Amino acid sequence: MMKLYFNKFSRGSRDLWMLEELGVPFECVTLDMRTGEHRDPAKNPHPLLKVPALVEDDGTVLMESHAIVVHLADRYADKGFIPPSGQRGRFYQWCFYVQVTLEPEVYAVFTQSRIPEGERQPAIAEAARAKFATLLGPVRAALADSPYLLGDSFMACDLLMAGVLIWARGLGMLEGETALLAYADRCAARPARARSLA
Ligand SMILES: N[C@@H](CCC(=O)N[C@@H](CS)C(=O)NCC(=O)O)C(=O)O
């Protein structure tokens, strides 16, 4: 059975959400990051001792939380979370946009918020907030006429987008973004997400 090595306060939360959406058999191994359990090579198969990692049925170890989501959507393509092969251009566009373009700005604000106040560099967070607001433009446009990024169906790219938007919302980066907040709520209300957080 597939095994997800994970911690719920990590980027692995998106992988657990995806597995719950798919409803396929898997085992979840929680590694306690507060005690440093994830840094024990006997317990964590991740090559860099981070989380998440997915160990597949044949023993293949996968790292990178976004790649794991896309791979799972593809492996179980019959479940309908990925467009048919050859028609995935915009699907991949959004998956990469979330990870490569949006997430670094959220991460910059997050890391600034975590360091002691006296050591913060407010200009870094301010620049990241401003850049993030600009980068939301294409997302707003994609959602102007449809409930999800690719139309009427919730896809794995929505799961990734919503994950980052929910994180951004917690950092006050979505203020006034009514449509995006409604989209994030719509995705967050899915029963599979609730199961992943239980
Ligand atoms: N880009 C990787 C990031 C993996 C990563 O940095 N994970 C963090 C938690 S979100 C971690 O394991 N940090 C603990 C450490 O580095 O010791 C992914 O998305 O999977």
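# Sheet, helices and backbone details

Colleague: At 24% relative accessibility, does Leu 49 count as buried, exposed or partly exposed?
Modeller: The model is predicted, and the value is computed from it. Buried needs under 20% and exposed over 50%. The 24% of Leu 49 falls in between, so Leu 49 counts as partly exposed.

Colleague: What is the phi of Leu 49?
Modeller: Leu 49 sits in the loop between strand 2 and strand 3. The residue is not a glycine, yet its phi is positive, at about 55 degrees.

Colleague: In the loop between strand 2 and strand 3, where Pro 52 has its place, what is the omega of the peptide bond from Val 51 to Pro 52?
Modeller: Pro 52 belongs to that loop. The bond that leads into Pro 52 from Val 51 is cis, with omega near 5 degrees.

Colleague: In what order do the 4 strands of the open sheet stand?
Modeller: Strand 1 (residues 2-6) is joined to strand 2 (residues 26-30) in parallel by 5 bridges. Strand 1 also pairs with strand 3, here in the antiparallel sense over 3 bridges. Strand 3 (residues 53-55) and strand 4 are antiparallel too, again over 3 bridges. The pairing is therefore mixed, and the order is 2-1-3-4.

Colleague: Which strands stand at the edges of the sheet?
Modeller: The order of the open sheet is 2-1-3-4. An edge strand has a single partner strand, so one of its sides is left without a neighbour in the sheet; this holds for strand 2 and strand 4.

Colleague: By how many degrees are neighbouring strands of this sheet turned against each other on average?
Modeller: The sheet is open and has 4 strands. With direction ignored, the average turn between its neighbouring strands is 20 degrees.

Colleague: Which residue is the bridge partner of Tyr 5 in strand 3?
Modeller: Tyr 5 has a bridge partner in strand 2, namely Val 29. In strand 3, Tyr 5 is paired with Ala 53.

Colleague: Which residue of strand 4 stands opposite Leu 54?
Modeller: Strand 3 and strand 4 pair over 3 bridges in the antiparallel sense. Opposite Leu 54 stands Leu 62.

Colleague: Is the β-α-β crossover from strand 1 to strand 2 left-handed or right-handed?
Modeller: Strand 1 and strand 2 run parallel, with 5 bridges between them. The chain passes through helix 1 (residues 13-22) on its way from strand 1 to strand 2, and the crossover is right-handed.

Colleague: How many of the 10 residues of helix 1 are buried?
Modeller: Helix 1 lies across strand 1 and strand 2. Its buried residues include Trp 17, Met 18 and Glu 20. Helix 1 is largely enclosed by the rest of the structure, because the number buried is 9.

Colleague: Are helix 1 and helix 2 roughly parallel or roughly antiparallel?
Modeller: The axes of helix 1 and helix 2 (residues 65-75) come within 9 Å and cross at roughly 10 degrees. Angles under 35 degrees count as roughly parallel. Helix 1 and helix 2 are therefore roughly parallel.

Colleague: How many residues of the contact of helix 1 with helix 2 are nonpolar?
Modeller: From helix 1 the contact takes in Arg 14, Asp 15, Met 18, Leu 19 and Leu 22; they meet Ser 65, His 66, Ile 68, Val 69, Leu 72 and Ala 73 of helix 2. Of these contact residues, 2 are charged and 2 polar, while the nonpolar ones number 7.

Colleague: What is the phi of Gly 23, which follows helix 1?
Modeller: Helix 1 spans residues 13-22. Gly 23 comes after helix 1 and has a positive phi, near 65 degrees.

Colleague: Is Arg 88 buried or exposed?
Modeller: Arg 88 has its place in the loop between helix 2 and helix 3 (89-114). Leaving out residues up to four places away in sequence, Arg 88 touches Asp 74, Ile 82 and Pro 83. Its relative accessibility is 10%, so Arg 88 counts as buried.

Colleague: What separates the C-alpha atoms of Arg 195 and Trp 17?
Modeller: Arg 195 lies in helix 8 (residues 191-197) and is partly exposed, with a relative accessible area of 45%. Trp 17 is buried in helix 1. Arg 195 and Trp 17 are 178 residues apart along the chain, but their C-alpha atoms are separated by 7.8 Å.

Definitions and conventions. Residues numbered from 1 in each chain as written. Predicted model: local features only at pLDDT ≥ 70, side-chain atom pairs only at ≥ 80, totals over all residues. Heavy atoms only, no water. Pairing = 2+ DSSP bridges. Helix = DSSP H or I, 4+ residues; strand = E, 2+ residues; numbered from the N terminus. Right-handed = clockwise from strand over helix to strand, strands pointing away. Axes fitted to C-alpha atoms, helices over the stretch in contact; angles between N-to-C directions. Parallel < 35°, antiparallel > 145°, perpendicular 65-115°, else oblique. Contact = heavy atoms within 4.5 Å. Nonpolar A, V, L, I, M, F, W, Y, C, P; charged D, E, K, R; others polar. Buried < 20%, exposed > 50% of the residue type's maximum accessible area, 1.4 Å probe, protein only.
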